[in-house]
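Let's take a walk through this protein together, from one helix contact to the next and then out into the loops. Have the coordinates open in your viewer so that you can follow each stop.

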Amino acid sequence: MRVLLLCSAFNGLTQRAWLALREEGHEVSVELALSAQVMLEAVALAKPDLVVCPFLRERVPEGVWREHRTIIIHPGPPGDRGPSSLDWAITDAEARWGVTALQAVEEMDAGPVWGSRALRLGEEAPRKSSLYNGPVADAAVELVLEVVGKAADPDFEPAPLDYGRPEVWGRLRPSMRMAEREFSWAESTARVLRRIRAADGSPGARALLCGVPVRVFDAFEGPSLSGAPGTVAARRAGAVLVHTGDGSVWVGHLRAEYKGSVKLPATLVLGGRLAGVPEAERPRLSGEGAGYREITYRRSGLVGVLGFDFYNGAMSSEQCRRLVSALRYAVRQDTRVLVVRGGEVFSNGIHLNVIEAARHPELEAWTNINAVNAVCREIIECQEQLVVASVGGNAGAGGVMLALGADHVLVREGVVLNPHYRTMGLFGSEYWTYVLPRRVGAERAAELTSACLPVGAEQAMAMGLADGVAGGSRARFEESVLEYAVRLAKRPDFEELLAVKQEGRAADELRKPLEAYRVEELAEMSRDMFDDRHGFAAARRAFVSKARAEVTPEHLAVHRG
């Protein structure tokens with residue numbers, strides 16, 4: 001079937017839909033909804049059998065939906081309407097939710113229903129971005145495939161939206177205003193967390209902190225402390241511990257309320273206002289306990305598991321330095337296998353927001369890429385253990401290459417990899433010129449880094465980027481990876497496997513030292529970062545400011561001749 005994806009951005013969900021449809025053998029093109037005229041033109045050129053909108057904020061022009069069946073994937077249950085569905089679901093502590101596929105009509109979100117999926121949200125407030133990129137995206141991709149199947153059935157008729165039916169239990173909700181996202185630190189910890197998480201990702205919850213109007217993101221429950229609500233009790237690893245009405249919360253990221261500000265680690269935003277605030281005792285790397293812990297290590301028999309969970313997968317210079325220290329600790333342990341486990345987003349490489357906010361962005365970019373390289377090198381040069389990369393979340397650019405430095409790469413079903421740099425105006429580093437070709441060959445490596453297309457989990461395994469794919473929730477996936485690592489550690493031929501690894505690395509080093517790859521890559525990156533030969537500065541600013549795209553990328557768009 002010829003399918004046109006109309007979307008506000010080629011985001012993670014749209015990439016998953018694009019990949020899933022192509023894997024099913026459909027002819028798929030993408031058009032960004034930049035204007036009504038662009039959408040009308042794209043439909044006229046593509047002549048699609050079906051138009052699907054996995055992520056669309058804009059209204060579909062009448063000339064599109066009247067002439068072509070157009071299906072909207074809405075992140076709410078049947079009957080739910082409005083642009084702030086997930087925000088309200090989290091704010092109102094809804095226990096159940098859903099995702100619905102409905103046909104576009106004149107009235108937004110009021111068309112006939114093609115299918116739906118039910119979701120359970122649980123008692124603890126989920127982060128909006130986690131909910132959207134996890135359960136909602138999983139359900140949405142299922143619905144996209146279901147819709148295309150139904151579109152091929154001439155006897156299928158969608159169900160009219162009938163609020164008299166028990167399965168239609170949603171309602172029209174208004175767009176959430178910023179005034180409804182404001183909160184007071186004097187509220188309970190649970191309420192503060194729910195407010196923050198309902199706006200996480202974008203646009204952030206509004207509050208006053210240290211006298212600064214800020215948007216608040218990335219919050220976790222802290223210890224039971226007594227103190228004046230809204231005062232900062234401690235800091236740790238870029239986060240601040242803030243007193244609430246009945247306890248405290250760790251806040252990882254803030255954005256100051258002024259034009260041109262960017263989302264940054266909280267301590268960078270508050271700066272000198274934290275003078276006198278003590279550094280919280282850093283928990284032992286292998287210790288237990290709740291709170292703000294970006295890096296953890298635990299041991300399970302012969303297997304060590306080093307976890308790192310950096311907000312949105314961005315890795316600043318400081319975070320990389322801490323991760324290098326943690327890796328050095330992990331490789332000193334007498335384990336056989338080391339699992340390197342990423343977080344909700346595995347990794348996207350350098351921290352563009354921190355770079356953009358630096359006094360000298362080019363210098364910070366250079367420092368950052370060298371710091372990420374140090375992380376990658378620790379993984380590649382680990383010689384006394386077999387290393388397993390646990391990729392339970394999406395990864396892009398240097399984050400993909402970081403994973404490929406491991407001996408075994410396991411990817412969760414539904415994960416999307418973007419093993420390229422060019423869309424950011426960079427040649428790339430992280431030893432990609434070594435780890436990528438050794439996995440997929442020089443020709444495929446060149447194709448992946450130049451085509452700038454997403455790669456799905458099954459596709460990654462087929463081409464050699466991954467060694468295995470496992471399904472289930474992220475928690476279940478991590479269990480599967482640990483089981484895999486334990487089996488690997490207990491193999492009777494483990495010593496032979498380790499010897500083969502060591503011999504292979506030694507042979508590679510004789511053929512061409514790792515340092516040579518690093519120097520060659522950084523020579524290219526210096527021209528990108530300091531000379532800006534491919535527009536890194538503009539691409540970085542557009543990413544950080546979430547600037548609206550001006551055109552649909554040529555490699556995705558409907559061919560215009």
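What follows is a tour of helix packing, a few single residues and some backbone details.

Please keep in mind that this is a predicted model. We begin with helix packing. Two packed helices are described by the angle between their axes and the distance between the axes. We will use that pair of values at each helix contact below.

Look at helix α8, residues 317-332, and helix α10, residues 361-380: their axes come within 9 Å and cross at roughly 15°. Angles under 35 degrees count as roughly parallel, and α8 and α10 are therefore roughly parallel to each other. The crossing of α8 past α10 is left-handed. On the α8 side, the contact involves Ser317, Cys320, Arg321, Leu323, Val324, Leu327 and Arg328. Facing them in α10 are Glu364, Thr367, Asn368, Ala371, Val372, Ala374, Val375, Glu378 and Ile379. Sorted by class, the residues of this contact between α8 and α10 comprise nine nonpolar, three polar and four charged. As you look along these lists, recall that an α-helix has 3.6 residues a turn, so residues three or four places apart point the same way.

Next, move on to helix α12, residues 432-440, which packs against α17 with axes that come within 8 Å and cross at roughly 115°. Angles of 65 to 115 degrees count as roughly perpendicular, and α12 and α17 are therefore roughly perpendicular to each other. Trp432, Thr433 and Tyr434 of α12 make this contact with Leu514, Tyr517 and Glu521 of α17. In the contact of α12 with α17 there are four nonpolar residues, one polar and one charged.

Helix α12 also meets helix α13, residues 442-451, where the axes come within 7 Å and cross at roughly 120°. How are α12 and α13 oriented to each other? With that crossing angle, α12 and α13 are therefore oblique to each other. Their crossing is right-handed. From α12, the residues in this contact are Trp432, Leu436, Pro437 and Val440, and from α13 they are Ala442, Arg444, Ala445, Leu448 and Thr449. The contact of α12 with α13 divides into seven nonpolar residues, one polar and one charged. Notice that Trp432 takes part in the contact with α17 and also in the contact with α13. Trp432 is buried, as are Tyr434, Val435, Leu436, Arg439 and Val440 in α12. Just after α12 comes Gly441, with a positive phi of about 90°.

Stay in this region for His420, in the loop between β21 (416-418) and α12. Is His420 buried or exposed? Its relative accessibility is 8%, so His420 counts as buried. Beyond its sequence neighbours up to four places away, His420 touches Ala397, Leu448, Thr449, Cys452 and Leu453. Two of these residues, Leu448 and Thr449, also belong to the α13 side of the contact with α12.

Now for some single residues elsewhere. Ser8 sits in the loop between β1 (2-7) and α1 (12-23). With a relative accessible area of 15%, Ser8 is buried. A polar atom of the Ser8 side chain lies 2.8 Å from the backbone nitrogen of Arg57. Leaving out residues up to four places away in sequence, Ser8 touches Leu32, Phe55, Leu56, Arg57 and Glu58. Compare Gln459 in helix α14 (residues 457-463), which is partly exposed, with a relative accessible area of 31%. Outside that four-residue window, Gln459 touches Leu19 and Pro454.

Our last stop is the backbone. Most residues other than glycine have a negative phi, and most peptide bonds are trans. Against that background, the peptide bond from Ser202 to Pro203 is cis, with omega near 5°, and Pro203 lies in the loop between α6 (189-198) and β7 (205-209). Lys47, which is not a glycine, has a positive phi of about 50° and is found in the loop between α2 (36-46) and β3 (50-53). At 54% relative accessibility, Lys47 counts as exposed. Asp109 also has a positive phi, near 60°, and is located in the loop between β5 (96-103) and β6 (113-120). Unlike Lys47, which is exposed, Asp109 is buried, with a relative accessible area of 15%.

Technical notes:
Residues numbered from 1 in each chain as written. Predicted model: local features only at pLDDT ≥ 70, side-chain atom pairs only at ≥ 80, totals over all residues. Heavy atoms only, no water. Axes fitted to C-alpha atoms, helices over the stretch in contact; angles between N-to-C directions. Helix = DSSP H or I, 4+ residues; strand = E, 2+ residues; numbered from the N terminus. Parallel < 35°, antiparallel > 145°, perpendicular 65-115°, else oblique. Left-handed = near helix turned anticlockwise from the far one by under 90°. Contact = heavy atoms within 4.5 Å. Nonpolar A, V, L, I, M, F, W, Y, C, P; charged D, E, K, R; others polar. Buried < 20%, exposed > 50% of the residue type's maximum accessible area, 1.4 Å probe, protein only. Polar contact = N/O pair within 3.5 Å; in protein donor to acceptor, adjacent residues only side chain to side chain.
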